[in-house]
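Please walk through this protein with an eye to its charged side chains and the places where they pair up.

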Amino acid sequence: MARWIGIVAVLLAGCQASGPGTTVDRGDYQLETLHQAQGADQRIRFLVMHYTAEDLHTSLKTLTDEHVSAHYLLPAHPRREYARPTVYQLVPESMRAWHAGASSWRGRTQLNDTSIGIEIVNRGFSRSMLFTRWQPYSAEQIALLIPLSRDIIRRYDIQPVDVVGHSDIAPQRKQDPGPLFPWKTLAEAGIGAWPEQTDVQRYLAGRDPHAPVALSALLDKLARYGYGIDPQWDERQQKRVLAAFQMHFRPADYRGEPDAESEAIIDALLHKYHGL
């Protein structure tokens, strides 16, 4: 009797170790999920914003062919169903979309592997002899972008500094989402990073905002924040990455000139998000 009691105890212990919820039926085999490794982290780390540079019809055609894709597409005027606006999901989040291309952020490259891409229908810019005109985003788009982005950020625990534009991660190739993209409004809604104005003024320390600063020192700070900086870049390429930073955080002036206000902004961001 004691022997049978021992056998039953062992069987019961085995059932408890791999009880309900720890095995997954795969038909010809089962998965045991009780023992989970600690050496793992979240695959999705970045949320990347784009504009399409095309109208809705052309954007859908482009983003559903075999060359380029994104996880989500936001129309300029989303249709409403059951009183709620509709987002197009073009690629499941569990799959990689081809939206980032050659890219770099915070030491990682080829961000298609680790990011969610949102394309927003917007024609970008048009040029005349004297002016570059950027198309504004519609209020309906931003009102829809906010809950979509919040949901993605919550599910993947994406950090504020890891909500970026295409121009942030590929500044030599891209300008989207452009200077009219409302980064400050999104940050106020809990989406992405934005410096505290009091910190900007403190780091500006009474200097003329347009006073020149050393470009090399400014690029070092941009690299610490997350921008990919290649030491082989020439001055034009260096100013291009600075212009991408300015377009994101100081869209009133994104000429790529290294000045005191740009330095104060990056100092304020490093203080707020990196404790520097």
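**Salt bridges along the chain**

Being 3 residues apart in helix α6 (residues 197-204), Asp199 and Arg202 are separated by about one helical turn. In this predicted model, their side chains meet in a salt bridge, with 3.1 Å from N to O. The two partners can be compared by how much of each is accessible: Asp199 counts as buried, because its relative accessibility of 12% falls under the 20% limit, whereas Arg202, at 46% relative accessibility, counts as partly exposed.

A search of the whole structure finds 19 salt bridges, and some of them join parts of the chain that are distant in sequence. One is the bridge between Asp267 and Lys221, whose closest N and O atoms are 3.0 Å apart. Asp267 lies in helix α9 (residues 260-274) and Lys221 in helix α7 (residues 215-225), so this pair ties together parts that are 46 residues apart in sequence. Here Asp267 is buried, with a relative accessible area of 14%, and Lys221 counts as buried at 16% relative accessibility.

Another salt bridge is formed by Arg123 with Asp55, and the closest N and O atoms of this pair are 3.6 Å apart. The pair links distant parts of the chain, 68 residues apart, since Arg123 sits in the loop between β10 (115-120) and β11 (125-127), while Asp55 sits in the loop between β3 (46-51) and α2 (56-63). Asp55 is partly exposed, with a relative accessible area of 31%.

Finally, which residues are linked in a network of salt bridges? They are Arg250, Asp253, Arg255, Asp259 and Glu261.

Terms used: Residues are numbered from 1 along each chain as its sequence is written. This is a predicted model: local features need pLDDT of at least 70, side-chain atom pairs count only at pLDDT 80 or more; totals for chains, interfaces and linings use all residues. Side-chain values use heavy atoms; hydrogens and water are left out. A salt bridge is a side-chain nitrogen of Lys or Arg within 4 Å of a carboxyl oxygen of Asp or Glu. Helices (H or I, at least four residues) and strands (E, at least two) are DSSP runs, numbered from the N terminus. Buried means under 20% relative accessible area, exposed over 50%, partly exposed in between (1.4 Å probe, protein chains only).
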